[in-house]
Amino acid sequence: MIRLLVRDLKLAVRAGGGFGLALAFFLIVTVLVPFGVGPASELLGTIAPGILWIGALLACLLSLDRIFATDHEDGSLELLATAPLPLEALVAVKAAAHWLTTGLPLTLAAPALGVLLDFPAPAYGTLFLGLLLGTPALSMIGAFGAALTVGLKRGGLLLSLLVLPLYMPTLIFGAEAAGRAADGQGASTPLLLVTLITLGSLALLPFAGAAALRINLR
Amino acid sequence: MSLWEYANPRKFMATTDRIVAPLAGVAALCLAVGLVWGVAFVPEAENFRDSVKIIYLHVPSAMMAINAWAMMLVASLIWLVRRHHVSALAAKAAAPVGAVMTLIALWTGAIWGQPMWGTWWEWDPRLTSFLILFLFYLGYMALWSSVENPDTAADLTSVLCLVGSVFALLSRYAVNFWNQGLHQGASLSLDRDENVADVYWVPLMVCIVGFVLLFVALVLIRTRTEIRLRRVSALELKERMA
């Protein structure tokens with residue numbers, strides 16, 4: 001499992017666009033928003049949690065179709081499926097690699113981008129914590145979606161249509177936590193609920209993803 | 001005699017052939033009676049004036065929008081466990097019907113909301129969760145149409161339906177958390193003696209029965225079409241092989 005994780009990480013870094021692309025996309029989305037809604041700082045501060053979360057979510061979405069597609073094209077997915085490693089573990093490892101290359105950098109970058117959007121400084125900790133707790137769920141749900149659409153020719157657009165509704169609860173609780181913290185309220189309830197979704201996804205979705213992979217590899 | 005007999009497409013076709021037409025007839029009758037009664041012969045409600053009449057479309061379609069997804073969930077489970085093709089096709093057939101029901105509920109709600117709440121749309125939990133449900137229907141149908149192999153498509157959509165159900169339920173409660181509602185609470189429930197005044201309640205029940213029958217009839221017709229399509233493609237395949 002660890003070797004597979006290391007392999008995926010290496011591939012992501014060497015192919016370029018692993019860390020860099022998602023982060024650059026996140027940056028661009030954040031920079032575009034003030035152009036769209038105007039530079040008034042109180043307005044930006046209000047919508048900052050939502051923008052940062054939606055930006056992170058879209059950046060996550062961008063790289064989802066590569067979780068399984070490249071391995072499927074060159075045939076290594078079949079080899080991995082016949083390996084002694086159970087498919088459930090494969091899905092979990094793939095999701096973990098995806099998180100390490102997109103979710104984690106996004107989380108680390110979010111406070112820096114929060115400065116651009118006049119996000120109130122005392123709430124940085126909650127924003128960071130919310131993303132840290134929430135982005136694994138995004139990767140895991142995304143890995144499930146990618147497993148569903150792995151055999152399809154034009155899977156990219158379909159993948160967004162399938163995955164985005166599944167992202168809604170995570171987005172709601174995550175943005176709520178950051179928003180509450182920005183207003184100076186306690187944010188522990190939405191944070192706990194984000195954690196709930198993440199843990200639930202991590203526990204159950206590897207099985208759903210593995211089932212989808214088995215169907216697609218049949 | 002067991003329910004599973006109808007998993008045999010031939011038996012299913014023979015039985016539904018007999019019951020589809022009467023079913024559709026009763027559905028049409030119920031809807032005609034219920035809607036005419038509700039729209040023309042029900043007194044105007046206090047505070048609501050004429051607008052109360054839209055509940056005869058809004059409530060039944062909203063109920064069916066949710067129940068259609070529940071039916072798809074059951075049919076998907078049956079397909080995954082027992083591999084009955086009719087079940088998978090029934091789930092496929094129900095999706096567009098359910099999506100249209102969701103759309104009707106949203107649409108009539110908007111028409112009602114405009115004079116009553118003063119807005120076409122409000123980010124109210126119920127409204128929002130219905131919109132999310134509609135997106136789930138869209139995704140489900142898109143997945144069906146984009147996978148070529150019918151068995152693979154049935155499997156994948158069933159898995160999506162299972163996972164989607166959990167997340168749709170989660171979203172339903174998540175949006176409650178996210179925004180306070182404008183929509184009234186549930187007015188109908190089974191464990192109360194009187195839900196709404198009988199003048200409104202009786203035609204509403206007729207309409208609900210009509211919608212349920214309409215849904216069943218539409219799903220049966222669409223399932224029959226799907227079975228016929230499957231047969232046609234099997235025949236074509238045989239012809240090409242010969």
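Visitor: What makes up the area buried between chain B and chain A?
Guide: This is a predicted model, and in it about 2200 Å² is buried between the two chains. Carbon and sulfur atoms give 84% of that area. The contact takes 26 residues from chain A and 25 residues from chain B. On the chain B side, B:Leu156, B:Phe167 and B:Phe177 lose the most area to chain A, and together they give 28% of what that side buries.

Visitor: Helix 7 of chain A and helix 5 of chain B meet across that interface. Why is their arrangement called roughly antiparallel?
Guide: Check the angle. The axes of helix 7 (residues 124-148) of chain A and helix 5 (residues 150-178) of chain B cross at roughly 160°. The label is for angles over 145 degrees, and therefore these two helices are roughly antiparallel to each other. Their axes come within 11 Å, and the crossing is left-handed.

Visitor: What makes the contact there, and how do its residues divide by class?
Guide: Helix 7 of chain A brings A:Ile141, A:Phe144 and A:Leu148, while helix 5 of chain B brings B:Leu156, B:Val159, B:Leu160, B:Val163 and B:Phe167. That gives eight nonpolar residues, with no polar and no charged ones.

Visitor: Why is the pairing of A:Arg218 and B:Asp155 called a salt bridge?
Guide: Put the distance next to the cut-off. The side chains of A:Arg218 and B:Asp155 meet at 2.8 Å, N to O. The rule asks for a side-chain nitrogen of Lys or Arg within 4 Å of a carboxyl oxygen of Asp or Glu, so the pair of A:Arg218 and B:Asp155 counts. The rule finds one salt bridge across the interface of chain B and chain A, and the structure holds eight over all chains.

Visitor: How do you know that A:Glu88 and A:Arg214 form a salt bridge, and where do they sit?
Guide: Their side chains come to 3.5 Å, N to O, and the limit is 4 Å, so they pass too. The pair links distant parts of the chain: A:Glu88 is in helix 6 (residues 87-116) of chain A and A:Arg214 is in helix 9 (residues 188-217) of chain A, 126 residues apart.

Visitor: Back to helix 5 of chain B. What makes helix 2 of chain B oblique to it?
Guide: Helix 2 (residues 55-82) of chain B packs against helix 5 of chain B at about 130°, with the axes 9 Å apart. Roughly antiparallel needs an angle over 145 degrees, and roughly perpendicular stops at 115. That leaves helix 2 of chain B oblique to helix 5 of chain B. Their contact has nine nonpolar, four polar and two charged residues.

Visitor: And why are helix 3 of chain B and helix 6 of chain B called oblique?
Guide: Same kind of check. Helix 3 (residues 85-117) of chain B and helix 6 (residues 198-241) of chain B pack at about 130°, with their axes 8 Å apart. That angle falls between 115 and 145 degrees, and therefore the two helices are oblique to each other. The crossing is right-handed. Among the residues that meet are B:His85 and B:Met101 in helix 3 of chain B and B:Phe211 and B:Arg230 in helix 6 of chain B. By class, this contact has 14 nonpolar, two polar and four charged residues.

Key. Residues are numbered from 1 along each chain as its sequence is written. Chains are lettered from A and ligands numbered from 1 in the order in which they are written. This is a predicted model: local features need pLDDT of at least 70, side-chain atom pairs count only at pLDDT 80 or more; totals for chains, interfaces and linings use all residues. Side-chain values use heavy atoms; hydrogens and water are left out. Axes are lines fitted to C-alpha atoms, for helices over the stretch in contact, and angles run from 0 to 180 degrees between N-to-C directions. Helices (H or I, at least four residues) and strands (E, at least two) are DSSP runs, numbered from the N terminus. Angles under 35 degrees count as roughly parallel, over 145 as roughly antiparallel, 65 to 115 as roughly perpendicular and the rest as oblique. A crossing is left-handed if the near helix is turned anticlockwise from the far one by less than a right angle, and right-handed if clockwise. Contact means heavy atoms within 4.5 Å. Ala, Val, Leu, Ile, Met, Phe, Trp, Tyr, Cys and Pro count as nonpolar, Asp, Glu, Lys and Arg as charged, and the others, Gly among them, as polar. Buried area is the accessible area (1.4 Å probe) that two parts lose on being put together, summed over both.
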